[in-house]
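Work through the exercises below with the structure open. Try each task before reading its solution.

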Amino acid sequence: MTPPEKTTALGERARALINFVAAIALFGMAALFYFSGSTGFAVVSVLPALFGLLMLYSTIHSLLAAGTPPTTIRLGREPLPRGMPVDVIIRQTGPVRLQSLRANLICERRERKPGRKTSEITIPCQLNFFDSLESCEISQMAPRDFAGTVAVPADGEASCEGVVLTILWRIEIWGQVEGRADFMRPFDVEVI
């Protein structure tokens with residue numbers, strides 16, 4: 001069994017730093033609008049201030065989620081074949097009190113239309129293949145393994161990366177944590 005690499009280019013701490021910088025920039029923009037001397041700009045300054053508060057909340061959430069120990073997965077077979085079940089082991093290290101742990105298989109389809117700079121992104125497959133439904137306490141010395149089985153739909157598209165069409169598959173692990181921020185950890189997988 002080989003563990004796929006985590007897809008997030010940024011960890012929770014780096015995401016918190018980026019959100020914090022964005023919050024400062026939005027608060028600065030709100031202050032410029034408010035003190036511009038124009039009543040219209042003063043009213044509009046509420047919007048960047050609200051988005052700044054949202055970014056500040058996201059910063060705090062990311063810092064709290066960074067306190068949750070890492071999650072890893074192992075696949076019985078990789079790349080994942082379409083239409084065949086594959087065993088998945090989800091390992092959560094501690095210390096953490098989980099209220100639930102959930103795993104989803106996600107397909108993201110990015111298609112670039114001629115003459116457009118941005119891609120149209122759709123999610124043709126979103127399949128929940130594991131749900132613990134039980135709360136558990138995991139100690140630092142005894143990580144816990146959760147077993148599940150994932151099957152890529154037989155009519156699903158194979159992974160590919162191109163200029164016009166890109167098909168990306170990932171497994172997302174969602175954890176609901178008691179007393180801390182919940183987390184989502186994505187893992188890239190290849191589908192053939």
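**Exercise 1. Find how strand 2 and strand 6 pair, and place them in their sheet.**

Solution. This is a predicted model.
- Step 1: Look at the direction. Strand 2 and strand 6 pair in the antiparallel sense.
- Step 2: Count the bridges. There are 8 between strand 2 and strand 6.
- Step 3: Pick one position. Valine 86 has valine 150, in strand 6, opposite it.
- Step 4: Widen the view. The strands belong to an open sheet of 3 strands in the order 1-2-6, with antiparallel pairing.
- Step 5: Check the edges. Strand 1 and strand 6 each have a single partner strand, so one side of each has no neighbour in the sheet.
- Step 6: Note the twist. From one strand to the next, the average is 25°.

**Exercise 2. Follow strand 8 through its pairings with strand 3, strand 7 and strand 9.**

Solution.
- Step 1: Start with strand 3. Strand 3 and strand 8 run antiparallel and are joined by 13 bridges. Isoleucine 106 has arginine 170 in strand 8 as its bridge partner.
- Step 2: Go to strand 7, residues 160–161. Strand 7 and strand 8 run antiparallel, with 2 bridges. Here glutamate 161 is matched with threonine 166 in strand 8 as its bridge partner. The two strands make a hairpin, with 3 residues between them.
- Step 3: Turn to strand 9. Strand 8 is joined to strand 9 by 7 bridges, and the two run antiparallel. Isoleucine 173 faces arginine 185 of strand 9 as its opposite residue.
- Step 4: Inspect the turn. Strand 8 and strand 9 form a hairpin with 5 residues between them. Glycine 179 in this turn has a positive phi of about 80°.

**Exercise 3. Locate proline 70 and decide whether it is buried or exposed.**

Solution.
- Step 1: Find the loop. Proline 70 lies between helix 3 (46–65) and strand 1.
- Step 2: Apply the cut-off. A residue is exposed over 50% relative accessible area. Proline 70 has 54% relative accessibility, so it counts as exposed.
- Step 3: List its contacts, leaving aside neighbours within four places in sequence. They are Arg91, Gln92, Thr93 and Arg185.
- Step 4: Compare a distant position. Glycine 162 is 92 residues apart from proline 70 along the chain. Their C-alpha atoms are separated by 32 Å.

**Exercise 4. Describe the ring pair of tyrosine 34 and phenylalanine 35, then find a charge over a ring.**

Solution.
- Step 1: Search the whole structure. There are 3 aromatic pairs. Tyrosine 34 and phenylalanine 35 form one of them.
- Step 2: Choose what to read off. An aromatic pair is described by the distance of the ring centres and the angle of the planes.
- Step 3: Read the values. For tyrosine 34 and phenylalanine 35, the centres are 5.1 Å apart and the planes are at 85°.
- Step 4: Classify. Planes over 60 degrees apart count as edge-to-face, and this pair is edge-to-face.
- Step 5: Check exposure. Tyrosine 34 and phenylalanine 35 are both exposed.
- Step 6: Move to arginine 185. Its charged end sits over the ring of phenylalanine 183, 4.3 Å from the ring centre.

**Exercise 5. Which residues touch the most other members of the largest nonpolar core?**

Solution.
- Step 1: Take the core as a whole. It has 29 residues.
- Step 2: Pick out the residues. Ile90, Leu98 and Trp169 touch the most other members.
- Step 3: Trace the elements. Those giving two or more residues include strand 2 (85–92), strand 4 (119–131) and strand 8 (165–177).
- Step 4: Name the top contributor. Strand 3 gives the most, with 6 residues.

Methods. Residues are numbered from 1 along each chain as its sequence is written. This is a predicted model: local features need pLDDT of at least 70, side-chain atom pairs count only at pLDDT 80 or more; totals for chains, interfaces and linings use all residues. Side-chain values use heavy atoms; hydrogens and water are left out. A nonpolar core is a set of buried Ala, Val, Leu, Ile, Met, Phe, Trp, Tyr and Cys residues joined through side-chain atoms within 4.5 Å. Buried means under 20% relative accessible area, exposed over 50%, partly exposed in between (1.4 Å probe, protein chains only). Helices (H or I, at least four residues) and strands (E, at least two) are DSSP runs, numbered from the N terminus. Contact means heavy atoms within 4.5 Å. Two strands pair if DSSP finds at least two bridges between them. Axes are lines fitted to C-alpha atoms, for helices over the stretch in contact, and angles run from 0 to 180 degrees between N-to-C directions. Rings of Phe, Tyr and Trp (its six-membered ring) pair if their centres lie within 6.5 Å; planes under 30 degrees apart count as stacked, over 60 as edge-to-face and the rest as tilted. A charge sits over a ring if NZ of Lys or CZ of Arg is within 6 Å of the ring centre and within 35 degrees of the ring normal.
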